[in-house]
Amino acid sequence: MEEEKSGEHEAADHLEGILKRAQAGDKESMELIVKYFEDEINRLAKYIKLPREDAVQTLKLELIEYILRKNGDSG
């Protein structure tokens, strides 16, 4: 049980590191985050009244802008 919590903590630290690097402008980290959410983005794109590719690109752009806006924010 303790190992499981330790593994979760390591994963959270790893994700936090990726997020901080993305906020600092690291393109590879940003691509990892976008790729992580790709299935969800594709699912949500179905509900946007735009051509599919436009909807996907809009959602990706919103995600990237959100991450960059949160740079330095506390919440």
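How far apart around helix α1 are glutamate 16 and lysine 20, counted in helical turns? They are separated by about one helical turn, because they stand four residues apart in α1, the helix that covers residues 2-23. Before I go on, please keep in mind that what we are looking at is a predicted model.

Let me stay with that pair for a moment. Glutamate 16 and lysine 20 form a salt bridge, in which the closest N and O atoms are 3.2 Å apart. As for its surroundings, glutamate 16 counts as partly exposed, since its relative accessibility is 40%. Side chains of opposite charge can pair when their charged atoms come close.

The structure holds two salt bridges, and the other pair I want to show you joins arginine 43 to glutamate 40, with a distance of 2.5 Å from N to O. These two residues both belong to helix α3, which runs over residues 38-45, and they sit three residues apart, again about one turn of the helix. Arginine 43 is partly exposed, with a relative accessible area of 38%, and glutamate 40, at 37% relative accessibility, is likewise partly exposed.

Now to helix α2, residues 27-36, where the buried residues are Ser29, Met30, Ile33 and Val34. They lie on the same side of α2, because the arc they cover around the axis is only 135°. If you turn to the other side of α2, you find Lys27, Glu28, Glu31, Lys35 and Tyr36, which are exposed.

Tyrosine 36 leads us to the aromatic rings, where the count comes to one aromatic pair. That pair is made by tyrosine 36 and phenylalanine 37, and its geometry is edge-to-face, with 5.0 Å from centre to centre and 85° between the planes. Tyrosine 36 counts as exposed because its relative accessibility is 62%, whereas phenylalanine 37, at 35%, counts as partly exposed.

I will finish with arginine 52, which is placed in helix α4, residues 52-69. Which residues does arginine 52 contact, once its neighbours within four places in sequence are left aside? The answer is Asn42, Ala45 and Lys46. With asparagine 42, the separation in sequence is 10 residues, while the distance in space is 8.5 Å from C-alpha to C-alpha. Arginine 52 itself counts as partly exposed, its relative accessibility being 46%.

Key: Residues numbered from 1 in each chain as written. Predicted model: local features only at pLDDT ≥ 70, side-chain atom pairs only at ≥ 80, totals over all residues. Heavy atoms only, no water. Buried < 20%, exposed > 50% of the residue type's maximum accessible area, 1.4 Å probe, protein only. Arc of directions from axis to C-beta. Phe/Tyr/Trp six-rings, centres within 6.5 Å; stacked < 30°, edge-to-face > 60°. Salt bridge = Lys/Arg side-chain N within 4 Å of Asp/Glu carboxyl O. Contact = heavy atoms within 4.5 Å.
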